[in-house]
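Please find below a short colleague's note, set out as numbered points, to be read with the sequence and the structure side by side.

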Amino acid sequence: TYAEAINQATRQAMELKNNVMIMGQLINYKPGIFGTTVGLSKKFGSERVRDFPVAESLMTSAGIGAAVAGQRVILVHIRIDFMMYAMDAIVNWLSLWRFKSNNKSNVPLVIRAIVGRGWGQGPQHSKSFHSWFANLPGIRVAMPATAFDAKGLLLESIFGEDPTIIFEHRSLFNLKDKVPIKPYRINFGDAVVRKKGKDLTLVAIGCLVVDALKAADILSKKYKIDVEVIDPRTLSPFDYKTVNRSVLKTKRLIVADPGWQSFGAGAEIVAKICELQSKNMIANPLRVSLPDSHAPMSKTLENEYHLNTDKLVHIIKKFLKK
């Protein structure tokens, strides 16, 4: 599973290098943060698996200090909503440390930021700030949608030299995939075409890759609509070349973004592709995202709020009728 792949990557990194450590709230509890840290405390001890109190700003600052001192730190924010308490440490210290030191010092810190959804978690446990951090120079941003990518991108981040935020959507933790047992790394800035097609390019970010592939399958079988699905895997850096090649072929673009619409990742991707080839496109590109509103707690309203497979099918059918 996605959660097991994260656990395996963490364990293997800690076995490979003694200076790899993990910090976070509840990481040494038996369930192990949705299974992603289970067994690590027993194997590596409390010096390298540091449970932390509810003090997000202090925890992040401590992680930065440890990384500057030579540790390879994995910092788990169990809810990204409350990672906001650490914005000063992330924006004013972590992101610009290498820049201010003229590349003489770096902070190899990895933040695992978990995004909630469902179960009545409401407005304080459901937000995803990927667009915010992709806008910030000096930080790499990843949004793995498969267990394979979750392991490879985490290992790349741990042993890379740039501070990184990995957005993990809670809905993906039980998703299964074929994952090599041996350690491996996935490069940032390399998107993958999950499904080839000729009628439309659908760029799906993070957890929406799952819905995009299901929607593409339905559209192919029921309506003979051939959708090409691209999974960016990372937002910063972003692989515009792969998306551009696809749009040159399909001449149509939809971006599905699991964040708010205004000033988001979807808008940036659309803008860049329009700059590259607006004259070649036969339809105006479309952003599909969450409404500019906070997530409701009511299950019925929450279902209306979030994107899903059926909504993508309806939107794409309507888009191609234009």
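**Two pockets and a helix pair**

1. The second largest pocket has a lining of 14 residues, and those lying nearest its centre are S95, L96, R98, F99 and G138. Please keep in mind, here and in the points that follow, that this is a predicted model.

2. The volume of this second largest pocket is about 160 Å³, and helix 7 (residues 97–100) gives the largest share of its lining, namely three residues. Sorted by class, the lining of the second largest pocket holds eight nonpolar, three polar and three charged residues.

3. The largest pocket encloses about 330 Å³ of space, and among its 19 lining residues the closest to the centre are S131, W132, F263, G264 and A265. At least two lining residues come from each of helix 8 (130–134), strand 11 (253–260) and helix 12 (265–277), with helix 8 supplying the largest share, four residues. The classes in the lining of the largest pocket are ten nonpolar, seven polar and two charged.

4. Turning to the helix pair, helix 1 (residues 2–16) packs with helix 9 (residues 147–159) at an angle of about 30 degrees, their axes being 8 Å apart. Helix 1 is therefore roughly parallel to helix 9, because angles under 35 degrees count as roughly parallel.

5. The crossing of helix 1 past helix 9 is right-handed. Helix 1 makes the contact through residues including Y2, I6 and L16, while helix 9 contributes, among others, A147, L154 and F159. By class, this contact of helix 1 with helix 9 comprises twelve nonpolar, three polar and one charged residues.

Note on methods:
Residues numbered from 1 in each chain as written. Predicted model: local features only at pLDDT ≥ 70, side-chain atom pairs only at ≥ 80, totals over all residues. Heavy atoms only, no water. Axes fitted to C-alpha atoms, helices over the stretch in contact; angles between N-to-C directions. Parallel < 35°, antiparallel > 145°, perpendicular 65-115°, else oblique. Left-handed = near helix turned anticlockwise from the far one by under 90°. Contact = heavy atoms within 4.5 Å. Nonpolar A, V, L, I, M, F, W, Y, C, P; charged D, E, K, R; others polar. 1 Å grid on protein atoms, 1.4 Å probe; cavity = no way out; pocket = protein on both sides within 12 Å on 5 of 7 lines; lining within 4 Å. Points joined across faces, edges and corners; volume = space filled by probe spheres on them.
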